[in-house]
Each structure stands twice: as C-alpha cells, then as structure tokens.
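Biologist: I'm new to reading protein models and I'd like to learn on a real one. Please take me through it feature by feature.

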Amino acid sequence: LWNILDRDGDGILRMEEVVPQAGAALARFWKWARDNWGTCKAGWAPIMQASRPPTSWKSITSLKYGTFLAATKSLGWSAADEPGVGQSLCQALDRDGCGIISKADTTWLDGWNA
C-alpha cells in the first residue's frame, strides 16, 4: 500500500500524492495569495471585503463556498472558474466539512511548502 501511495518513491507521503486535485488547487491558491498579499493570512481581509454575502449572513470571519469563490474570482483568481478547481479548494480548506471557509482554514497554508 505504501508503495502505491508514495508515487515518487522518496519515502515521504505528500498531499499531492494522496489527493492530487486538492493538492493542486491548494498550491494554486497559495501561490496566488502569496503573489498578491505576501501570505494567505493577509489575503483574508481583501477576500472578505470583496465578498458579497447575503444580508442574512452575519459572520465577519467566514464565508460559504460560493461567496468565497466569487470573492477570489473578483480579485483575479481565475482558477475559481475552472471545472473542479474551486470545489476542490473549498473541500480541502473546509476542515469541518460544513460548507464554510474561515480565515483559519486559509492561514495554515502559510506554513505549507507547496
């Protein structure tokens, strides 16, 4: 089983080897956020500013998938429109599996070497 999962045979199991589509989406988001704001943490404020949640949405620290992706798209992350990429990103970020992305869900990427 290990040899099947460790595709490059280096003895280290990476996210890209286990869930390649999610790993690729995370890497693209990570690079985009770093290129634009230096960190994913710093990118959260512009994403929140660009978001247009429904008036019934009261949180200032989290967004539903669709609102999050619309905000990233409006800020220039074109991958949000590519088939499967946005959904893969959201599912990979959503630690609780509740359909919501929070600042904490994105800031852990700052410690990741994509």
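**Reading the fold from the inside out**

Biologist: Which residues have the most contacts inside the largest nonpolar core?

Modeller: They're F29, F68, W77, L89 and L109, in a core of 27 residues. A nonpolar core is a set of buried Ala, Val, Leu, Ile, Met, Phe, Trp, Tyr and Cys residues joined through side-chain atoms within 4.5 Å. Helix 3 (20-37), helix 4 (40-50), helix 5 and helix 6 (85-93) each give at least two residues to this core. Helix 3 has the largest share, with six.

Biologist: Anything I should know before trusting the numbers?

Modeller: Yes: this is a predicted model, so local features need pLDDT of at least 70 and side-chain atom pairs count only at pLDDT 80 or more, while totals for chains, interfaces and linings use all residues. Residues are numbered from 1 along each chain as its sequence is written, and side-chain values use heavy atoms, leaving out hydrogens and water.

Biologist: How many helices and strands does the protein chain have?

Modeller: Seven helices and two strands. Both are DSSP runs numbered from the N terminus: helices are H or I with at least four residues, strands are E with at least two. Reading from the N terminus, you get α-α-α-α-β-α-α-β-α.

Biologist: And what share of the 114 residues is buried?

Modeller: Buried residues come to 38% of them. Buried means under 20% relative accessible area, exposed is over 50%, and partly exposed is in between (1.4 Å probe, protein chains only). Take helix 5, where Y65, T67, F68, L69, A71 and T72 are buried. Just after helix 5, G76 takes a positive phi of about 105°.

Biologist: What does F68 touch, leaving aside neighbours within four places in sequence?

Modeller: A contact means heavy atoms within 4.5 Å. By that rule, F68 meets F29, W44, I47, L63, L89, C90, L93, I101 and T106. For the chain, take contacts between residues at least 6 apart in sequence: 54% join residues at least 24 apart.

Biologist: Is A33 buried or exposed?

Modeller: A33, in helix 3, has a relative accessible area of 1%, so it counts as buried. Leaving aside neighbours within four places in sequence, A33 contacts G38, T39 and C40. A33 and G43 sit 10 residues apart in sequence, with their C-alpha atoms 5.9 Å apart in space.

Biologist: You mentioned C40. How many disulfides are there?

Modeller: Zero. A disulfide is a pair of cysteine sulfur atoms within 2.5 Å. As for the surroundings of two cysteines, C40 counts as buried because its relative accessibility is 3%, whereas C98 is partly exposed at 46%.

Biologist: How many cavities of 30 Å³ or more turn up in the whole structure?

Modeller: One, with a volume of about 30 Å³. On a 1 Å grid over the protein atoms alone, a cavity is a set of points where a 1.4 Å probe fits but cannot get out, and lining residues have an atom within 4 Å of a point. Points are joined across faces, edges and corners, and the volume is the space filled by probe spheres set on them.

Biologist: Which residues line the largest cavity?

Modeller: P53, P54, W57, L63, K64 and T67. They divide into four nonpolar, one polar and one charged. Here Ala, Val, Leu, Ile, Met, Phe, Trp, Tyr, Cys and Pro count as nonpolar, Asp, Glu, Lys and Arg as charged, and the others, Gly among them, as polar. T67 belongs to helix 5 and is buried because its relative accessible area is 16%. Not counting residues up to four places away in sequence, T67 touches S51, R52, P53 and P54.

Terms used:
1 Å grid on protein atoms, 1.4 Å probe; cavity = no way out; pocket = protein on both sides within 12 Å on 5 of 7 lines; lining within 4 Å.
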